[in-house]
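Got your viewer open? Let's walk through this model one selection at a time, beginning with a single element and ending with the whole chain.

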Amino acid sequence: MNPGRPRDPRIDEALTQNLIELLAERGPEGFSVDELAERSGVGKAAIYRRYRSRDELVAAGFAAVNEDMPDVSGMPVRDALITLLEWIAGAHASGMTPTWLVGMQQIPQLRESYLCNVVRPRRTALAAVLERGRAEGYLRADVDIEVAMTCLSAPAIHVGMHRARGYPSGEVSIAEVVDLVLSGLVSPAVLATDS
């Protein structure tokens, strides 16, 4: 192997896409490297040049699902929260999360990989919006960011997973969830300006 040879981005893209699909279909432990290689049209050597172990491969698959997370840094706080939470709901509507949660119950060491590569980046993005809202005076100065994140993200996850199953609660508007939670977080000065 020539270590200076550039990697083919088409192979990287094929591996990432097929890895995400296999994770969604079978869970972190339900697919083989042989199967990923066959679906991607590459040899196993191409996979192991990119990922040193199966754990690293699964971690990369987890991380890849956040690659299309929207950039909400320039949006007003309310719009940013709605956009981000709609995306989170959509990610959970894909059906991946239940499969992964079953896998993590069976193999506890997957939990940290999931938290690190899937959950934490989403929480970081959500916290950044809330912290910006607090710094701008849009949200109350005493808002507890962790509590606010839970109040916002839990309904989005719930809605997303229920959308995947066609339950009525999956039809709940994320915008309405955001407005309901914000009603307890918005600064009195902002409310006075709006009234």
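Select the buried residues of α5: V77, A80, L81, I82, L84, L85, W87, I88, A89, A91 and H92. Keep in mind that you are looking at a predicted model. As you look along them, it helps to recall that an α-helix has 3.6 residues a turn, so residues three or four places apart point the same way.

Next, take α5 as a whole and check its length. Its 17 residues should span 24 Å at 1.5 Å a residue, and the C-alpha atoms at its ends are 24 Å apart, so the two values agree.

Now add a partner: show helix α5 (residues 77-93) together with helix α7 (residues 109-135). Their axes lie 9 Å apart and make an angle of about 165 degrees. An angle over 145 degrees counts as roughly antiparallel, which means that α5 is roughly antiparallel to α7. The crossing of α5 past α7 is left-handed.

Which residues make the contact? On the α5 side, pick V77, A80, L81, L84, L85, W87, I88, A91 and H92. On the α7 side, pick Y114, R122, A125, L126, V129, L130, R132 and G133. Color this selection by class and you will find 13 nonpolar, two polar and two charged residues.

Finally, zoom out to the full chain. It holds ten helices and zero strands. Of its 195 residues, 41% are buried. If you draw a contact map, consider the contacts between residues at least 6 apart in sequence: 64% of them join residues at least 24 apart.

Terms used. Residues are numbered from 1 along each chain as its sequence is written. This is a predicted model: local features need pLDDT of at least 70, side-chain atom pairs count only at pLDDT 80 or more; totals for chains, interfaces and linings use all residues. Side-chain values use heavy atoms; hydrogens and water are left out. Axes are lines fitted to C-alpha atoms, for helices over the stretch in contact, and angles run from 0 to 180 degrees between N-to-C directions. Helices (H or I, at least four residues) and strands (E, at least two) are DSSP runs, numbered from the N terminus. Angles under 35 degrees count as roughly parallel, over 145 as roughly antiparallel, 65 to 115 as roughly perpendicular and the rest as oblique. A crossing is left-handed if the near helix is turned anticlockwise from the far one by less than a right angle, and right-handed if clockwise. Contact means heavy atoms within 4.5 Å. Ala, Val, Leu, Ile, Met, Phe, Trp, Tyr, Cys and Pro count as nonpolar, Asp, Glu, Lys and Arg as charged, and the others, Gly among them, as polar. The expected span of a helix is 1.5 Å times one less than its number of residues. Buried means under 20% relative accessible area, exposed over 50%, partly exposed in between (1.4 Å probe, protein chains only).
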